[in-house]
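Trainee: I would like to go through this model with you, one question at a time.

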Amino acid sequence: MVIKKVTDYEELSKKGAQFIAAQIIMKPNCVLGLATGGSPVGTYQRLIKAYQDGSISFKDITSVNLDEYKGLDGTHPQSYRYFMNTNLFDHVDIVKENTYLPDGLEPDSEKACTDYEAIIDGVGGIDLQLLGLGHNGHIGFNEPNTVFEKNTHCVELTQSTIDANTRYFNSSDEVPRQAYTMGYRGILSAKKILVLVSGSAKASILAQVVNGPITPEVPASILQLHPDVTIIADAEAAALL
């Protein structure tokens, strides 16, 4: 596990984009595992600029996202499909048919999860998985639990996650209570993992992830087992390391 400490969110975004751009340059048809939330937005903005400058192209890229809210259509402003379109896909030359997220409108949870597992296997493996870190240590929507869930599954969101996501909705009542998320098999099968962590609110949980025991009660602690993890953390997030 490599930890890169940077000054602030701007530098974090710059380093994150450079890391992903290097992967694209080395393997133009690579499979990117992508994430949503506040942490990667600056990185996506810099990747868009790199595309506009002609430094990189997404035309041969395949992407698989970590998760999607159950019950939200891809055109809903708070769906993760909408997030990816507006924050990255609509601004680069990626082929939308090669971008995958769990089907939030599939009411049959077992079918939705089985179908997404088939997609993950079908793309031939993830070359680089991008992750953020939740306040309770979740990655994707893999919440604190008594076990590590292996495959894509339907999650009952914890109150802390609902509270954290309320800022994106008009009220907490509008936040979906369930989501489909990639399991640990999909995440840990990636050849490389990049984690972006920003802000003082993440300092305590980041210290637990890096230095604490490996436990499903701190989901991201399982990253200690992966052979190629890079964490980029700003000064506030890295304060307790």
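**Sheet, helices and a loop residue**

Mentor: Start with a pairing in this predicted model: S63 has T99 in β5 as its bridge partner.

Trainee: Which strand pairs with β5, and over how many bridges?

Mentor: The bridge from S63 leads to T99 in β5. The pairing is parallel, and the partner of β5 is the strand of residues 62–65, β3, over 2 bridges.

Trainee: Which strands stand at the edges of the sheet?

Mentor: The open sheet has 7 strands in parallel pairing, ordered β1-β10-β9-β6-β2-β3-β5. An edge strand has a single partner, so one side of it is left without a neighbour in the sheet; the strands in that position are β1 and β5.

Trainee: At about what angle to β9 does helix α1 run?

Mentor: Helix α1 spans residues 9–26 and lies across β1, β2, β6, β9 and β10. Relative to β9, the angle is about 165 degrees.

Trainee: Which strands are included in what covers the buried residues of α7?

Mentor: Helix α7 covers residues 203–211, and its buried residues are A203, I205, L206, A207, V209 and V210. Their cover includes β1, β9 and β10.

Trainee: Is T158 buried, partly exposed or exposed?

Mentor: T158 sits in the loop between β7 and α5. Buried requires under 20% relative accessible area and exposed over 50%. T158 has 24%, so it counts as partly exposed.

Trainee: Which residue's side chain does T158 join in a polar contact of 3.4 Å?

Mentor: Leaving aside residues up to four places away in sequence, T158 touches N136 and E143. The side chain in the 3.4 Å polar contact belongs to E143.

How values were computed: Residues numbered from 1 in each chain as written. Predicted model: local features only at pLDDT ≥ 70, side-chain atom pairs only at ≥ 80, totals over all residues. Heavy atoms only, no water. Helix = DSSP H or I, 4+ residues; strand = E, 2+ residues; numbered from the N terminus. Buried < 20%, exposed > 50% of the residue type's maximum accessible area, 1.4 Å probe, protein only. Contact = heavy atoms within 4.5 Å. Polar contact = N/O pair within 3.5 Å; in protein donor to acceptor, adjacent residues only side chain to side chain. Pairing = 2+ DSSP bridges. Axes fitted to C-alpha atoms, helices over the stretch in contact; angles between N-to-C directions.
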